[in-house]
Structure formats: C-alpha cells, structure tokens
Amino acid sequence: MKSIHPGIFLIGCIFFVLPAATGQVEALFRKSPDERIMWLSANPVWHSKDSIAVTRQLDSVFVTATRNNDLRLAWYAELHKVILAYLLQIDRGGEVTAFEDYREHIESCPVPEVKAAYWFKSGYHCFRHFRFDEALPLLFRSKNEFEKIGFDHIPNNQEYLYGFGEMYYWFEDYANAIKLWEKALSYPNPTRRGEVSLLNSIGMAYQRLGNFKKAEEMFLQCSLRANRYADIIYWGISTGNYGNTLRLQGKNREALPHLYTDFDICQHTVPENAAITALYIAKALMELDSLEKARTYITLSLPLSPAFGWSSYPVNYYEALALYHKKRKEHALQSMYMDSLLYLKDSLKLVFSNKLLTVNENLVSAEKYLNEIESIEKQQENAILVRNLIIGTLLLFFGSVFYVLYLKRQKLIKERQDQKERQKRADDLLARAKVELQQYLGHINDKKEFIEKINQELAQSNNPASNADTNGDARLFNLEALLESVILTEKDWQQFKFLFEQVYPDFFENLKKKYTDLTPAEIRLLALLKLDISTKQIAYMLGVSMETIRKSRYRLRKKLEHIGVSADLEGLIDEL
C-alpha cells in the first residue's frame with residue numbers, strides 16, 4: 001500500500017492538546033456530548049511532554065464529567081489515560097504493556113462505545129506488530145460493537161472505519177476495504193489529510209482489484225483535493241499512484257511524467273514511498289527498453305527503502321530485478337530473483353492468510369451469536385412474564401368490555417320492548433280514532449239519509465192532490481232543526497277536527513305552513529276531501545248545494561295554481 005506509513009495512524013488520530021486552565025475544562029460542557037468527545041482528539045499531535053500535567057488535566061475532565069452526569073465523557077477520559085501510557089512506553093522504547101495493564105479497568109466500563117474503542121486501539125497496536133492472533137479477535141469484536149451502536153453515533157468514526165478497512169486491505173479483501181473506506185468518506189472528515197488519505201487508499205484498493213478506471217478516478221480526486229489543501233506530499237503520492245495505474249495498463253510512456261513528479265517530491269519527505277516509485281519508474285523504463293536508466297532507479301531505491309515490514313517494496317524490488325535480468329537475457333539471475341520473489345510472496349500469504357481473517361471473523365461472529373442467544377433467552381423469560389401480564393390485563397379488559405356490552409344489550413332489548421309497546425299503544429289509538437271518525441261520519445250519513453226521507457215526505461205533503469197533513473207544520477219545524485244539526489257548526493267542527501287529528505295529526509299544521517292564505521271554509525273543505533267523502537255528502541254536511549261544493553273546489557284549485565302549487569288538488573290532498 002503506497003501511502004504515508006500507517007504505523008503513525010494510531011498516534012496521529014488519538015491525541016490532543018489539553019487546555020491549560022480548569023476554566024477551559026468547564027467550558028467544555030457548553031458543547032454537545034459528541035463535540036466533547038471530539039475535543040479530546042482535536043489536535044492530531046500530542047505536543048505536551050509533561051505526563052503529570054496531562055494526567056492532571058484528564059483527571060479534571062473525569063471529575064467535571066462525573067459532576068455533570070456525563071458518564072460517557074468520563075470514561076473516554078479514562079481511555080485517554082491508557083493511550084497516554086501507551087505513547088509514553090513507545091517514546092521510551094521499552095516493552096509496550098499499557099493496554100494489557102488497563103484491560104481489567106476498561107472492561108469494567110459500563111459504556112459499550114468506550115469498550116469498543118479500547119478493543120480497537122489495543123487490537124490495532126497488535127495488528128501493526130503482526131500479532132494477528134491477538135489483533136483480529138479484538139478488531140472484529142470492536143467492529144461488531146460499533147455496528148450494533150451504529151457508526152452514525154460514534155465520534156471519530158472515520159478513525160475506526162479506516163482501521164477496519166486497512167485490516168481487510170492487507171489480507172487482500174479489497175472489496176470489504178473499499179466498502180468501509182467509502183463509508184468513512186461519507187462522514188465529515190475532521191482533517192484534510194484524513195480526507196485525501198482515504199481517497200488515495202480507496203484508489204489503491206480499486207487498483208489491486210484491477211478496476212483501473214475507478215482507481216484513476218480516485219487518484220485524480222485525491223490529487224485535486226491535495227492541491228486545493230496545499231498538501232504537497234499527498235499531491236505527489238496520488239500523482240505517482242495515478243502514473244502507476246497507467247503503467248499497469250501498459251501505458252508506460254504516459255505514466256513516466258507522473259512517476260517522476262512523485263519521486264522528486266517524496267524522495268526528501270516520504271523516502272519509503274519514493275523508493276517504491278523509483279521501482280515503478282524502473283519497470284516502465286524497462287518496458288520501453290531503457291535498461292541502463294532503469295538500473296539507475298533500481299539503485300536509487302535502495303537507500304530510500306523502508307526498514308519496517310508494512311511495505312510492498314521487497315516484492316517490487318525482486319520483480320524489478322527479475323525483469324531487468326530477463327531483458328538482459330541473464331536467465332540464471334532472472335531465475336534466482338524469481339525464486340526469491342515467489343518465496344517472499346508465499347511467506348506473505350502465510351502471514352496475511354485469508355483463512356486467518358475468516359476464522360477470526362467467524363469466531364467473533366460465533367461469540368456474537370452466543371451473546372445474542374443468551375440475550376434472546378433473557379428476553380424470552382421477560383417475554384413470558386410480560387405475556388402473562390398482558391393476558392391477565394386483556395382478560396380483565398375483555399371481561400369489562402363484555403360486561404359493558406351485556407348491559408348495553410339488555411338496555412337495548414328493554415328500549416326495543418318499550419318502543420314496541422309505545423308503537424302498539426299508538427297503533428291502538430290510531431285504530432280507535434279511525435273507528436270513532438268513521439262512526440262520526442256514519443252518524444252524519446244516517447242523518448243525511450233521514451233528511452232525504454223527510455224531504456220526500458215533505459214533497460208529498462205539499463202535493464195539492466194529497467190530503468192535508470195536520471202535522472205538516474210540526475214536521476217542517478223538526479226538519480229545519482235537524483238540518484241545523486247536520487251543518488258543521490263551530491262546535492261540530494271542533495269535535496270533527498279532534499277526531500280527524502287523531503288519524504292525520506300533521507294535516508292542519510302542514511296546511512298552515514305551506515298555504516297561509518287559506519280561509520277556514522277552504523280548510524274544512526280540504527279536510528272533508530282528505531276523507532274521500534263524495535260531493536253530495538259534503539254538501540249535506542256543510543248545508544250547501546252540490547253546485548256550491550263544485551264551485552268551491554274549482555275556486556280552490558285556481559287559488560292553489562295562482563300561488564304556484566304544481567300538483568292538482570287530489571295530489572295535494574294526498575301529500576298532506
């Protein structure tokens with residue numbers, strides 16, 4: 001991986017300049033909880049050499065955080081004490097045991113995020129020292145915990161995502177490395193150097209996958225950002241990586257200017273990268289048959305070569321020498337360097353074994369699975385308790401509901417019975433009213449028939465051919481009295497109206513609402529017509545002639561037409 005030596009990544013990302021005054025610690029709590037955590041990592045270089053002063057400041061953060069009920073920040077302060085001890089041990093050059101010394105203390109931490117950060121930093125340290133049997137379980141354990149929490153809720157999430165991606169990269173799982181690095185790129189980067197470093201690393205992973213188009217795209221983005229940020233080192237590195245991508249595609253002549261630029265910039269600033277670039281230049285020159293110039297760059301790479309093990313320099317060096325001797329047709333030397341190259345690659349495969357990565361990933365997944373099983377069992381126990389509580393509550397609830405429904409049903413049944421009884425009484429009253437009305441009309445009809453009979457007898461008594469009736473005057477008097485009783489007087493009308501309203505309760509009210517200018521005589525006529533009484537009978541009841549009734553009906557029809565009634569007289573009566 002051609003970039004700034006990743007061994008400085010842990011140191012570069014985790015330390016800070018603590019405030020010189022207690023007031024600054026107090027001011028920390030005016031920030032949001034996540035900003036407080038970021039504050040601890042605000043400066044990428046630890047300037048203070050006074051470990052006592054730094055420890056005192058961390059203690060001040062711990063006390064103030066505890067007083068402000070910020071348990072998370074308090075434990076992050078404790079974690080930084082571990083990192084302080086780790087850096088001091090590295091600076092002294094002795095054995096590094098800080099993470100092991102504080103393990104029991106940090107493992108007692110009740111904040112999962114802090115424990116996951118500790119596992120990451122401890123695992124990353126072991127990873128950088130090739131102690132993969134210790135590193136990988138810790139890193140995967142940390143990764144699983146962060147995923148459970150959600151990277152969106154983790155301050156410094158780019159640091160962790162970058163580290164996990166680097167783990168996959170060195171074990172040649174480039175697809176997973178890209179996935180993690182691109183996720184890291186989606187978050188705001190706290191430093192410009194971190195942003196361009198991510199772009200360069202993603203480009204390297206795409207290059208290893210043979211996706212040269214995406215690799216070129218990422219290196220060009222990195223170069224543009226580095227140029228914008230005046231980061232001359234990463235501008236040179238990304239330019240060289242872009243040139244090497246062209247070389248891998250056989251575009252050697254196009255690649256050389258970019259590789260030369262990288263070499264010129266990095267040979268005095270990042271010599272280990274310049275050493276690898278010199279070998280890329282040598283390979284491109286050999287493909288263009290410029291062997292002597294190629295040999296010069298192979299030679300120039302040697303004093304620049306890195307002393308640490310995290311470098312692709314040895315592989316590139318043996319490849320360059322094997323190609324050089326092949327071009328010179330020195331087959332014995334070519335074979336020797338090819339054997340060395342194969343041996344080196346086999347050794348690296350043993351070190352960076354995909355099986356080792358897979359086994360540890362599976363072990364941590366199994367541990368996660370067992371923890372989930374245990375959690376599920378506890379949840380099941382709680383679920384049974386909750387279920388029983390819910391069942392009891394539901395039984396009580398539904399029992400209450402059923403009881404309420406029963407009461408409502410009984411009330412509804414009673415209301416229906418009462419309604420039936422009321423309806424029956426109403427029907428009985430209506431039937432009785434109809435009978436009484438018919439009896440009243442029958443009584444009037446009897447009077448009418450009797451009057452007709454008297455009229456006939458009177459006509460006979462007035463016949464000059466007949467004998468004089470000594471009682472004629474008396475009969476005439478009685479007939480006149482009877483006629484007066486048949487005519488609907490006001491008293492008769494009130495009695496008739498009372499019986500009529502029992503059968504048609506809204507008739508007169510509707511008439512008054514719809515037709516306000518009707519006379520009492522017209523109202524009486526409409527009421528009698530409603531009963532479907534013949535014209536002849538109405539005439540006798542009102543004590544007028546049939547012709548008078550016909551004329552009254554005619555005038556009433558015209559009157560109704562004049563006020564806009566659309567129906568005929570019979571239709572109007574049916575509607576009332």
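## A helical chain and its packing

Lys143 is found in helix H9. In this predicted model, Lys143 is buried, because its relative accessible area is 10% and the limit for that class is under 20%. Leaving aside neighbours within four places in sequence, the contacts of Lys143 are Phe164, Tyr168 and Leu180.

**The chain as a whole**

The chain has 576 residues, of which 42% are buried. Its secondary structure consists of 27 helices and 0 strands. Among contacts between residues at least 6 apart in sequence, 66% join residues at least 24 apart.

**Aromatic pairs around H9, H10 and H11**

Tyr168, one of the contacts of Lys143, also takes part in an aromatic pair with Phe140. The count of aromatic pairs comes to 23. In the pair of Phe140 and Tyr168, the ring centres are 6.2 Å apart and the planes are at 75 degrees, an edge-to-face arrangement. Phe140 belongs to helix H9 (residues 132-149) and Tyr168 to helix H10 (residues 157-170), so that 28 residues separate them along the chain. Both Phe140 and Tyr168 are buried.

The rings of Tyr169 and Trp181 form a tilted pair, because their planes stand at 35 degrees, with the centres 5.8 Å apart. This pair links helix H10, which holds Tyr169, to helix H11 (residues 174-185), which holds Trp181; the two residues are 12 apart. Tyr169 has a relative accessible area of 2% and is buried. Trp181, at 0% relative accessibility, is buried as well.

One aromatic cluster is made of Phe120, Tyr124, Phe146, Phe151, Tyr160 and Phe164.

**Two nonpolar cores**

In soluble globular proteins, nonpolar side chains tend to be buried together. The largest nonpolar core here has 106 residues, and those with the most contacts inside it are Phe127, Phe146, Tyr160, Met286 and Ile298. Not counting residues up to four places away in sequence, Tyr160 touches Tyr76, Ala117, Phe120, Lys121, Phe146, Phe151, Ile154 and Pro155. Another core lies apart from the largest one; it has 24 residues, among them Phe500, Leu525, Leu526 and Met541.

Leu525 and Leu526 are also among the buried residues of H24, along with Glu522, Ile523, Arg524, Ala527, Leu528, Leu529 and Lys530. Helix H24 (residues 520-530) is mostly covered, with 9 of its 11 residues buried. After H24 comes Asp532, which has a positive phi near 60 degrees.

**Two helices side by side**

Two packed helices are described by the angle between their axes and the distance between the axes. Helix H12 (residues 192-209) and helix H14 (residues 232-248) have axes that come within 11 Å and cross at roughly 10 degrees. H12 is therefore roughly parallel to H14, since angles under 35 degrees count as such. On the H12 side, the residues in contact are Arg193, Val196, Ser197, Asn200, Met204 and Gln207. They meet Ile233, Tyr234, Ile237, Ser238, Asn241, Asn244, Thr245 and Leu248 in H14. By type, the residues of this contact divide into 6 nonpolar, 7 polar and 1 charged.

**Loops**

Most residues other than glycine have a negative phi, and most peptide bonds are trans. Asn69 is not a glycine, yet its phi is positive, at about 60 degrees. Lys329 is likewise a residue other than glycine with a positive phi, near 60 degrees. The table gives the place and accessibility of these two residues.

| Residue | Loop | Relative accessibility |
|---|---|---|
| Asn69 | between helix H4 (51-67) and helix H5 (71-92) | 71%, exposed |
| Lys329 | between helix H18 (313-327) and helix H19 (331-351) | 65%, exposed |

Asn69 counts as exposed because its value is 71% and the class begins over 50%.

A further loop, between H9 and H10, holds His153. Which residues does His153 touch, not counting residues up to four places away in sequence? They are Arg72 and Glu113. His153 and Glu113 are 40 residues apart along the chain, and their C-alpha atoms are separated by 9.4 Å.

Technical notes
Residues are numbered from 1 along each chain as its sequence is written. This is a predicted model: local features need pLDDT of at least 70, side-chain atom pairs count only at pLDDT 80 or more; totals for chains, interfaces and linings use all residues. Side-chain values use heavy atoms; hydrogens and water are left out. A nonpolar core is a set of buried Ala, Val, Leu, Ile, Met, Phe, Trp, Tyr and Cys residues joined through side-chain atoms within 4.5 Å. Buried means under 20% relative accessible area, exposed over 50%, partly exposed in between (1.4 Å probe, protein chains only). Contact means heavy atoms within 4.5 Å. Axes are lines fitted to C-alpha atoms, for helices over the stretch in contact, and angles run from 0 to 180 degrees between N-to-C directions. Helices (H or I, at least four residues) and strands (E, at least two) are DSSP runs, numbered from the N terminus. Angles under 35 degrees count as roughly parallel, over 145 as roughly antiparallel, 65 to 115 as roughly perpendicular and the rest as oblique. Ala, Val, Leu, Ile, Met, Phe, Trp, Tyr, Cys and Pro count as nonpolar, Asp, Glu, Lys and Arg as charged, and the others, Gly among them, as polar. Rings of Phe, Tyr and Trp (its six-membered ring) pair if their centres lie within 6.5 Å; planes under 30 degrees apart count as stacked, over 60 as edge-to-face and the rest as tilted.
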